There are 2 protein chains.
Amino acid sequence: MNQLAAEGILGSYPERERQMMDLTEMGQRAKKAATILASSSTQVKNSALILMADALMENSVRVMEANQKDVEESQARGMSEILLDRLVLNEKRVADMAEGIKSLIGLSDPVGEIIWGSRLPNGLILTKVRVPLGVVGIIYEARPNVTVDASVLCLKSGNAVILRGSSNTLSSNVALVGVLRDCLKEAGLPEDSIQLVSSPEREYAVQLMRLREYVDVLIPRGGKDLIENVVANSTVPVIETGIGNCHIYVDENADVEMALQILLNAKTQRPSVCNAAESLLVHGSIADVFLPRAIQALTEKKVTVYGCSRTLSYGQEVLPASEDDYYREYLDLKIAVKVLDSLQEAIDHINKYGSHHSDAIVTNDYSSAQKFTQEVDSAAVYVNASTRFTDGFQYGLGAEIGISTQRLHARGPMGLKELTTSKFVVYGQGQVRK
Amino acid sequence: MNQLAAEGILGSYPERERQMMDLTEMGQRAKKAATILASSSTQVKNSALILMADALMENSVRVMEANQKDVEESQARGMSEILLDRLVLNEKRVADMAEGIKSLIGLSDPVGEIIWGSRLPNGLILTKVRVPLGVVGIIYEARPNVTVDASVLCLKSGNAVILRGSSNTLSSNVALVGVLRDCLKEAGLPEDSIQLVSSPEREYAVQLMRLREYVDVLIPRGGKDLIENVVANSTVPVIETGIGNCHIYVDENADVEMALQILLNAKTQRPSVCNAAESLLVHGSIADVFLPRAIQALTEKKVTVYGCSRTLSYGQEVLPASEDDYYREYLDLKIAVKVLDSLQEAIDHINKYGSHHSDAIVTNDYSSAQKFTQEVDSAAVYVNASTRFTDGFQYGLGAEIGISTQRLHARGPMGLKELTTSKFVVYGQGQVRK
C-alpha cells in the first residue's frame with residue numbers, strides 16, 4: 001500500500017480511507033451516492049463516462065505499471081498461463097476498456113423508462129417506472145477489466161458500486177478505481193459512486209456479503225468456489241453468474257463438418273471464458289464418423305481429451321474421464337467426452353452435470369432441435385451454433401455486467417436493464433378502496 | 001393427524017407420506033413434477049383449474065369443518081381477533097376462493113411467450129422465451145386462502161409448489177391441498193405439483209429454506225419476524241413480500257377532506273392487511289386544521305393513536321409514541337402519527353422507518369407530488385389515493401402471489417409473469433465466433 005502510494009498510482013483513493021476500511025461506513029456512503037445517482041441526468045452520467053474513457057487512455061502507462069506489479073507477483077505465486085492471460089493489461093486492452101466505456105454513451109439510459117402503464121376503471125393512473133437497483137456489490141477474481149466494466153455499467157444505470165476484486169489484482173484495481181473516481185468528481189458526481197474494498201483480507205468479503213442494510217444486490221463473478229462461497233454466506237440477495245460447464249451435443253443427424261467447426265470454436269477460441277465448451281456429448285450412431293476426427297482435431301489444438309470407456313476406443317490420446325470430469329469447468333484446453341445412445345440421455349446429462357449456462361445441439365433433425373431447446377434447462381440453448389455467442393455484446397445488448405445462471409431477476413447476459421428494478425407510481429384524485 | 005384421517009378430510013394426502021416427511025424427497029418429487037408442468041399445455045392446466053374451482057365448492061362443508069377446528073384451537077391459544085379474521089373460512093370466503101381460481105382460467109398463459117427477439121448480423125436468430133421458475137416454496141402464516149391462491153397461481157404459471165403454512169391452520173391446509181391434489185390427478189397432471197409440509201415442527205421450515213438443489217425460489221408471506229427469519233436462514237433465493245409499514249403523508253397544500261377520506265380508508269377499511277396504513281405524517285403548517293379532525297375521526301373508528309409530542313397537543317386520546325412505533329406494522333386499529341416541518345423530512349422519515357411497500361402523499365402541489373414519487377423508495381408510491389390499492393387484482397394483473405418489497409426480480413404486486421423467468425433460444429446454421 002505505502003509503496004503504491006509512494007509510486008503515485010492511487011489516484012484520489014487516499015491512504016487514510018483505505019486504512020480505516022469499515023464496510024458499514026462504505027455502505028452508508030454508497031447508499032448516499034446511490035440516492036444522488038438515481039436522480040442524476042443522463043447527460044451528467046454520460047459526461048462522466050467521456051471523462052473516464054479519456055482518462056484511462058491518458059493514464060494507461062501508470063495503469064499498466066500497476067498491473068505489471070500484479071502480474072509479476074502472480075507469476076511468482078505460480079498462477080497458470082490461462083489465468084495470467086485474464087490478468088494482463090496491455091495497451092490494446094486498456095484501449096478496449098476505453099472503447100467499452102465509450103460504447104455505453106450511446107446506449108439509452110434505462111432509468112426513468114415507463115415500462116408499463118394503465119388507467120384503471122376508477123380513474124387511477126398507474127405507471128411502472130424503471131429505477132436503479134441502488135447499491136451493487138461485485139465480488140470477482142483477477143480480471144481488471146471487470147473493475148472498469150462493472151463500474152461504468154453501474155454508473156450508466158444509476159447504481160453505486162462496491163468492488164471487491166482479487167488480491168492478485170489489487171494494484172491494478174487501485175489504479176483503475178483512482179482514475180474513475182477522479183472523473184466522477186470532475187463530472188460533479190459523488191466519488192463514492194465507485195468504491196473499492198482495497199484490503200485483501202477475506203474478512204472484508206464476508207462483511208460485504210452481510211451488508212444487507214446498504215447493498216441491494218451482490219454479483220459474484222468468478223469460478224464455482226467463489227460463487228458457492230458467496231451464495232452460502234451472503235444475506236444480501238445474490239445473482240449468480242458465469243459458471244460455465246457448457247456442452248456441445250452432436251446428434252445422430254448432425255452435419256459432421258459443422259459439428260467439428262462448432263466444437264473447435266466453442267472449446268479453443270478462448271478456453272478461459274465461461275461460454276467455452278467443457279463437455280462434448282456424441283450420439284452413438286455418429287460416433288464412428290465423428291469422434292476420430294474430433295479427437296484428432298482437438299489434439300492438434302493441444303486439447304487434452306478425457307473420455308468415457310466408449311470414447312477411449314476412438315483415439316490413443318484419450319485419457320479416462322472420471323465422474324468428476326463431467327461436472328468440471330476446466331477453463332483450460334481440456335474437454336470431457338461421452339458417447340450416449342439417445343437425445344434424451346444427452347438432455348438428462350446436461351441438466352444433471354451442467355451449470356445451466358449455455359448448451360448447444362448440432363443436428364439436422366427438426367424434432368431433436370425442438371426437444372433440445374425445450375428441455376435443456378439453461379440460460380441459453382443453441383441449435384447449430386457455438387456456445388461462445390452467449391455474451392451481452394454478441395447479443396446486441398451493448399454491454400454486459402455478467403451472465404446470470406440463476407433463474408430470478410435475470411437469466412443469461414445481463415445488460416443495463418438488468419441493473420434496474422421498477423416502482424409503481426400511481427396518480428389519483430382522492431380515490432379510496434371500496 | 002390421525003383424527004383428521006379418521007374424519008376423512010385428508011383427500012388424497014395419504015397418512016404414510018406425511019409420516020415419512022422427508023423434504024429432500026419432497027423436493028425431488030417437486031422437481032420432477034415441475035419438468036412435466038413446464039411443458040404442459042394451457043388447456044390441461046386450465047382443465048385442472050376448472051376441476052379445482054368446482055371441487056372446492058363441492059367440498060366446502062368439510063373444508064369449513066377442518067377450518068373450524070383450526071379456529072377453535074387458535075382461539076383457545078388466544079389469537080387476536082384480527083388474526084382470527086384472516087384464518088376463518090366461511091361459505092363466502094370459500095366461494096371467493098373458487099371465484100379466484102376461475103378468474104385465472106381466462107388469463108393468458110405466460111409460459112412460452114416470446115418476450116424479445118432479434119436477428120443478429122451473422123444470421124443467428126435470437127429469441128427470449130418465458131419459462132416457469134421451476135419449484136416455488138411458500139412459507140406463510142395462518143391464512144388458508146394463501147394455500148389455494150399460491151397453489152393455483154403456481155399451477156397456471158407452470159410451477160410446482162411446496163407449501164409450508166402455519167401450524168395454526170394445518171387442518172384447513174390439509175383439507176384444501178387434498179382437494180387440489182385430487183383435481184390434479186383427475187386432470188392428468190402430477191399430484192406432486194402441489195405439496196404441503198404437513199408437519200408443524202419448525203425443523204421442516206428450516207429444511208425447506210436449505211433445499212437449494214430443488215427449490216428455485218422461496219416466497220415468505222407474513223409478518224416481519226417470519227420474513228427476517230427466512231432471509232437470515234435461507235440459501236434458496238428469497239422474494240420478500242408484504243411487510244407493510246405504509247405511510248400517509250398530508251402535505252402543506254393538501255385538500256383536508258380528501259386527506260381524511262384517504263387516511264380513514266387506508267387505516268380502517270381492512271387493518272389486518274399489508275397495504276393498510278400504519279403511520280400518518282402531517283406537515284406542521286396544516287396540523288392545526290387537519291390533526292384535530294383526523295384524531296377525532298380515527299378515534300370514532302376505534303383506532304388508537306400514538307403521537308409525537310406535537311401530536312399529543314391535538315387530542316386527549318393520543319398516547320405518546322416511542323421510536324419503535326414508527327417502525328411497526330401494527331396490522332391492527334393503531335396508528336403512529338408525527339408532525340414534520342417539510343416534505344423532505346417526510347420523505348426521509350418514510351425511507352428510514354418504512355418497509356418500502358406503499359406510501360402516499362396527499363397534496364395539491366405539483367412539485368411536492370413529483371418530488372415525493374421520485375424520492376420515496378417504495379414499491380408503490382401514490383399521489384392523492386389510498387395505499388389500499390396495492391394489490392394484483394386492483395392493478396388489473398388478474399392475480400397476485402404476493403407483494404414484493406424487495407428490488408430484485410419483482411417489486412410490488414406479483415402476478416403470473418412474476419412467477420416466470422426466461423431463457424434464450426438461439427437458432428443458427430453453423431455460426432462460430434470469430
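**Reading a predicted two-chain model**

Tutor: His409(A) is found in the loop between β14 (402–404) and β15 (412–414) of chain A. Helices (H or I, at least four residues) and strands (E, at least two) are DSSP runs, numbered from the N terminus. This is a predicted model, in which local features need pLDDT of at least 70, side-chain atom pairs count only at pLDDT 80 or more, and totals for chains, interfaces and linings use all residues. Residues are numbered from 1 along each chain as its sequence is written, chains are lettered from A and ligands numbered from 1 in the order in which they are written, and side-chain values use heavy atoms, with hydrogens and water left out.

Student: What is the phi of His409(A)?

Tutor: Most residues other than glycine have a negative phi. His409(A) is not a glycine, yet has a positive phi of about 70 degrees.

Student: Which residue of chain B, other than glycine, has a phi near 55 degrees?

Tutor: That is Asn384(B), where the value is again positive. Asn384(B) belongs to strand β13 (residues 380–385) of chain B. Its relative accessibility is 7%, and therefore Asn384(B) counts as buried (under 20% relative accessible area; exposed is over 50%, partly exposed in between, with a 1.4 Å probe and protein chains only).

Student: How are the chains A and B related?

Tutor: Two copies of a chain are related by a rotation about an axis and a shift along it. Here a turn of 180 degrees and a shift of 0.0 Å along the axis lay chain A on chain B with an RMSD of 0.0 Å. That is the relation of a two-fold axis. The same surface serves both copies, as 100% of the contact residues of chain A recur in chain B. Contact means heavy atoms within 4.5 Å. The superposition is by least squares on the C-alpha atoms of residues with pLDDT of at least 70 in both copies.

Student: Which residue of chain A comes closest to the rotation axis?

Tutor: His409(A) does, with its C-alpha at 1.8 Å.

Student: How do I read the overall build of chain A?

Tutor: Begin with the elements: chain A has 16 helices and 16 strands. Then take the radius of gyration, which is computed over C-alpha atoms and set against a globule rule of 2.2 Å times the number of residues to the power 0.38. For 434 residues a compact globule would come near 22 Å, and the 24 Å of chain A agrees with that. The C-alpha trace spans about 70 × 65 × 35 Å along its principal axes.

Student: What share of the residues of chain A counts as buried?

Tutor: Of the 434 residues, 61% are buried. Among contacts in chain A with a separation of 6 or more, 73% join residues 24 or more positions apart.

Student: Where does a contact link distant parts of the sequence?

Tutor: Take Gly27(B), in helix α3 (residues 23–38) of chain B. At 0% relative accessibility, Gly27(B) counts as buried. Apart from neighbours within four places in sequence, Gly27(B) is in contact with Ile162(B), Leu211(B) and Tyr214(B). Gln195(B) is 168 residues from Gly27(B) in sequence, but their C-alpha atoms are 9.4 Å apart in space.

Student: How far apart in space are Arg181(A) and Ala48(A)?

Tutor: They are 9.6 Å apart, C-alpha to C-alpha, with their positions 133 residues apart in sequence. Arg181(A) sits in helix α9 (residues 170–186) of chain A. With 2% relative accessibility, Arg181(A) counts as buried.

Student: What separation in space do Thr420(B) and Gln316(B) have?

Tutor: Their C-alpha atoms are separated by 52 Å, at 104 residues apart along the chain. Thr420(B) is in strand β16 (residues 420–431) of chain B. Its relative accessibility of 3% is why Thr420(B) counts as buried. Not counting residues up to four places away in sequence, Thr420(B) touches several residues, including Pro110(B), Arg130(B) and His409(B).

Student: Is Asn46(A) buried or exposed?

Tutor: Asn46(A) counts as buried, because its relative accessibility is 13%. Helix α4 (residues 42–58) of chain A holds Asn46(A). Beyond residues up to four places away in sequence, Asn46(A) touches Ile105(A) and Lys156(A).
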